[in-house]
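Visitor: I would like a close look at a single part of this model, the nonpolar interior and what is built around it. Please take it slowly and keep the pieces connected.

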Amino acid sequence: MKLVHISDIHLNEAPILGLDPVANFKRCLAYVEAHDADAERIVITGDLTHHGGEESYRLLVDILAGSSLQDKLAPRLLIGNHDHRETFVSVFPSTHRDPNGFVQWTEETPAGVFVYMDTVDQGRHGGRYCETRMAWLAGVLDDARSRGVRAYMFMHHNPVRVHVANADIIGIINERELQGLLESYNDVIAHMFFGHCHYSLSGSVAGISYSAPRSTNHPCWPDFSGMINRMGHGELAPNYNVCFLRDDSIVVHTIDFLDAEKVQWVVDTDDDLAEMKV
């Protein structure tokens, strides 16, 4: 199964750090349309807007409506710390919610069950996955285990410390409790996808692999100095991830879509192949 994972689009009418989030997201979608429209799912893991305003969500509606991907793939939308849960739902009324009103649900796919999680602690940049949400998740994973189905987790906040102070301070506050739950289901969970940090990440926690793309607008530079109040940004390449999910493997590619014009393609002839072997 082919999956496109996008995160942190931060739609806003005004530039952010000198960059245009609307233009950059449109360019991202255009590249996906041209090169990855054969994907079976597109998931955007939060920070859909920069300020959580209704006008920004309506702008997202318009952008998606103007994309050929909307009819074919209908991108799955998660919320992040820059979003506002109730405002988002008011503009996207068909959004799935759990019985307690959190924006989280499951979806059966050819690869297994996709689990879309709501890690937002409304009004705070740090995330929280409370006992109520963990109970919902445990029920979902119990069901997957009973059916022998692999589960793929999607969330906004990083569920593990990434050794960058300004990211870790706004990660999931109760990450140890969440990690304890995840570890008890690491025979079921195949992979975790998140965003929030604005740089490419991969690794594992609680015996579960994970990956994250950069923001489509303002990627950050990972800083290991330990300074909480320092953030690195600049003319860095935004990206999205293309993921191939199989029973025996998970492969994640980062696509720096604004750098596509720099690529030079060579089509090998027999002579070219012979030369390459020398």
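Which residues of the largest nonpolar core touch the most other members?

Guide: This is a predicted model, and the answer should be read in that light. Of the 44 residues in the largest nonpolar core, those that touch the most other members are Ile6, Phe25, Leu60, Phe88, Phe114, Phe154 and Leu245. Helix α1, residues 21-35, supplies the largest share of this core, namely five residues. Another core lies apart from it, with 37 residues that include Val115, Tyr129, Val162 and Cys220. In soluble globular proteins, nonpolar side chains tend to be buried together.

Leu245 is a convenient place to start. When its neighbours within four places in sequence are left aside, Leu245 is in contact with Met1, Leu3, Ala111, Phe114, Tyr152, Phe193 and Ile250. Strand β12 covers residues 240-245 and pairs with strand β13, residues 250-255, in the antiparallel sense over six bridges. A hairpin of four residues joins β12 to β13, and within this pairing Val242 has His253 of β13 as its bridge partner.

These two strands belong to an open sheet of five, ordered β3-β2-β1-β12-β13, in which the pairing is mixed. Its edges are formed by β3 (76-78) and β13, each of which pairs on one side only, and neighbouring strands are turned against each other by 20 degrees on average, with direction ignored. Towards the β3 edge, strand β2 (residues 41-45) pairs with β3 in the parallel sense over three bridges, and Val43 stands opposite Arg76 in β3. Helix α1 lies across β1 (2-6), β2, β12 and β13, and runs at about 170 degrees to β1.

From α1 the path leads to helix α2, since the buried residues of α2 pack against α1, α3 (68-73), β3 and α4 (85-91). Those buried residues are Ser56, Tyr57, Leu60, Ile63 and Leu64; they cover an arc of only 115 degrees around the axis, which puts them on the same side of α2. The face turned away from that buried side carries the exposed residues Asp62 and Ala65. The length of α2 can be checked as well: at 1.5 Å a residue, its 12 residues (54-65) should span 16 Å, and the end C-alpha atoms are 17 Å apart, which agrees.

Phe193, named above among the contacts of Leu245, leads to a further group of strands. Phe193 stands opposite Ser211 in β9, where two bridges join β7 to β9 in a parallel run. Strand β7 is also joined to β6 by four bridges, again parallel, and here Met153 stands opposite Met192 in β7. Strand β7 is mostly covered, with five of its five residues buried.

Helix α7, residues 175-183, completes this part of the picture, with Glu175, Leu178, Gln179, Leu181 and Leu182 buried. Seen down the axis of α7, these buried residues fall within an arc of 160 degrees, so they line one face of the helix. Their cover includes α5 (131-147), β6 (151-154), β7 (189-193), β8 (201-205) and β9 (208-212).

Key:
Residues numbered from 1 in each chain as written. Predicted model: local features only at pLDDT ≥ 70, side-chain atom pairs only at ≥ 80, totals over all residues. Heavy atoms only, no water. Pairing = 2+ DSSP bridges. Buried < 20%, exposed > 50% of the residue type's maximum accessible area, 1.4 Å probe, protein only. Arc of directions from axis to C-beta. Contact = heavy atoms within 4.5 Å. Core = buried A, V, L, I, M, F, W, Y, C linked by side-chain atoms within 4.5 Å. Axes fitted to C-alpha atoms, helices over the stretch in contact; angles between N-to-C directions. Expected span 1.5 Å × (residues − 1).
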